Amino acid sequence: MSQDEQFDDYTPDIITLCNDEGEEFKFEVIDAADFNDTRYLAVVPYADTAAERLEEDANIILMRVSEEDGEEYLDVVEDDEELLEVGDMFAARLRDLFDIDLNDLK
């Protein structure tokens, strides 16, 4: 299978989240992993058109899957230490997955 055929078969994993004001935002899940017994997602804002996706810089947002009263919800990781540890874990996973040197992206 050629690389073009692989991309033709690609279907992004899109989630829609609402803020407290009821505004909806779409994100593409680029990776998910467990770290210290907690599930985390690495997401990027999702643009609806190919042109928008090409124009945007992808800022990765790290989200924690939490649970309250038996219901799961997503929380943005804001704690500096947790953010660094989880960020390093995802950086290593993405580096291995896509065979890239993340230092070249800085």
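A residue is called buried when its relative accessible area is under 20%, exposed when it is over 50%, and partly exposed in between. With that cut-off in hand, welcome to the close-ups; please keep in mind that the model they show is predicted.

**Figure 1. The whole protein chain, with its 3 helices and 5 strands.** Starting at the N terminus, the elements follow one another as α-β-β-β-α-β-β-α. Of the 106 residues in the protein chain, 22% are buried. The protein chain exposes about 8,300 Å², and 44% of this area is supplied by carbon and sulfur atoms. If you like contact maps, count the contacts with a separation of 6 or more: 30% of them in the protein chain join residues that are 24 or more positions apart.

**Figure 2. An open sheet of 5 strands.** In what order do the strands lie in the sheet? They line up as E1-E2-E3-E4-E5, and the pairing is antiparallel. Strand E1 (13–18) and strand E5 (71–76) are at the edges; each has a single partner strand, so one side of each has no neighbour in the sheet. Going from one strand to the next, the twist averages 45°. As a general reminder, strands of a sheet pair through backbone hydrogen bonds, either parallel or antiparallel.

**Figure 3. The hairpin of E1 and E2.** These two strands run antiparallel and are joined by 6 bridges. To find your bearings in the ladder, look for Ile 14, which stands opposite Glu 28 in E2. Between the two strands lie 5 residues, and Gly 22 in the turn has a positive phi of about 85°.

**Figure 4. The hairpin of E2 and E3.** How many bridges join strand E2 to strand E3? There are 8 between strand E2 (residues 24–35) and strand E3 (residues 38–45), which run antiparallel. Two pairs make handy landmarks: Val 29 is opposite Val 43 in E3, while Ala 32 has Leu 41 as its bridge partner in E3. The turn of this hairpin has 2 residues between the strands, and Asn 36 in the turn shows a positive phi of about 50°. A salt bridge can also be added to this view: Asp 34 pairs with Arg 39, and their closest N and O atoms are 3.4 Å apart. Asp 34 counts as exposed at 55% relative accessibility, whereas Arg 39 is partly exposed, with a relative accessible area of 35%.

**Figure 5. A salt bridge between Arg 93 and Asp 31.** The structure holds 4 salt bridges, and in this one the closest N and O atoms are 2.8 Å apart. The pair links distant parts of the chain, since Arg 93 is in helix H3, Asp 31 is in strand E2, and 62 residues separate them. Is Asp 31 buried or exposed? Asp 31 counts as buried, because its relative accessibility is 11%, whereas Arg 93 is partly exposed with a relative accessible area of 36%.

**Figure 6. A network of salt bridges that links Arg 64, Asp 75 and Glu 82.** Asp 75 forms a salt bridge with Arg 64, and the closest N and O atoms of this pair are 3.3 Å apart. Distant parts of the chain are linked by the pair: Asp 75 sits in strand E5 and Arg 64 in strand E4 (residues 61–68), 11 residues apart. Arg 64 is buried, because its relative accessible area of 18% is under the 20% cut-off. Asp 75, at 29% relative accessibility, counts as partly exposed.

**Figure 7. The surroundings of Glu 82 in helix H3 (residues 80–98).** Glu 82 is buried, with a relative accessible area of 16%. Which residues does Glu 82 contact, leaving aside its neighbours within four places in sequence? Those residues are Tyr 40, Arg 64, Val 77 and Gly 87. Arg 64 links this view to the previous one, as Glu 82 and Arg 64 belong to a network of salt bridges with Asp 75.

Key:
Residues are numbered from 1 along each chain as its sequence is written. This is a predicted model: local features need pLDDT of at least 70, side-chain atom pairs count only at pLDDT 80 or more; totals for chains, interfaces and linings use all residues. Side-chain values use heavy atoms; hydrogens and water are left out. Two strands pair if DSSP finds at least two bridges between them. Helices (H or I, at least four residues) and strands (E, at least two) are DSSP runs, numbered from the N terminus. Axes are lines fitted to C-alpha atoms, for helices over the stretch in contact, and angles run from 0 to 180 degrees between N-to-C directions. Buried means under 20% relative accessible area, exposed over 50%, partly exposed in between (1.4 Å probe, protein chains only). Contact means heavy atoms within 4.5 Å. Accessible areas come from the Shrake-Rupley method with a 1.4 Å probe; for residues, only the protein chains shown count as cover. A salt bridge is a side-chain nitrogen of Lys or Arg within 4 Å of a carboxyl oxygen of Asp or Glu.
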